[in-house]
Amino acid sequence: MKQNRSLEIEIQGFICCDYTVLDGFDNDTQEPKLSYNRAKFVYDYLVTGGIDARRLAYQGYGSTRPKVFPETSPEDEQANRRVEIKITKY
């Protein structure tokens, strides 16, 4: 992002395992915002590293967009427990 100053991204956080709640429980913050907090952690890291915050967005999507469904193994759960980067402007 430092080399391509016109690049803008959305950081997307996801959780696994529970499709009955909006988001997972974050043991570190004691809040039910795990996917949101995952995305915000990456956002904060990039801002701290010198990336202009106006070029970044972040969103927690909970378990609404699983890569693997249904989850039948720990590997499936791990695949759904993730952060993805979406390029919104190039």
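**Exercise 1. Find the handedness of the link between Cys16 and Cys17, and say how covered each cysteine is.**

Step 1: The angle about the S-S bond is -65°, and the link of Cys16 and Cys17 is left-handed. This is a predicted model, where local features need pLDDT of at least 70, side-chain atom pairs count only at pLDDT 80 or more, and totals for chains, interfaces and linings use all residues. Residues are numbered from 1 along each chain as its sequence is written, and side-chain values use heavy atoms, with hydrogens and water left out.

Step 2: Check the bond itself. The sulfur atoms of Cys16 and Cys17 lie 2.2 Å apart, and a disulfide is a pair of cysteine sulfur atoms within 2.5 Å.

Step 3: Now look at the surface. Buried means under 20% relative accessible area, exposed over 50%, and partly exposed in between (1.4 Å probe, protein chains only). Cys16 has 9% relative accessibility, so Cys16 counts as buried. Cys17 has 40%, so Cys17 is partly exposed.

**Exercise 2. Find the strands that pair with strand 1, and the sense of each pairing.**

Step 1: Strands (E, at least two residues) and helices (H or I, at least four) are DSSP runs, numbered from the N terminus. Two strands pair if DSSP finds at least two bridges between them.

Step 2: Strand 1 (residues 8-13) pairs with strand 3 (residues 83-89) in the antiparallel sense over 6 bridges. With strand 2 (residues 56-60), strand 1 pairs in the parallel sense over 5 bridges.

Step 3: Follow Gly13. The bridge partner of Gly13 is Val83 in strand 3 and Gly60 in strand 2.
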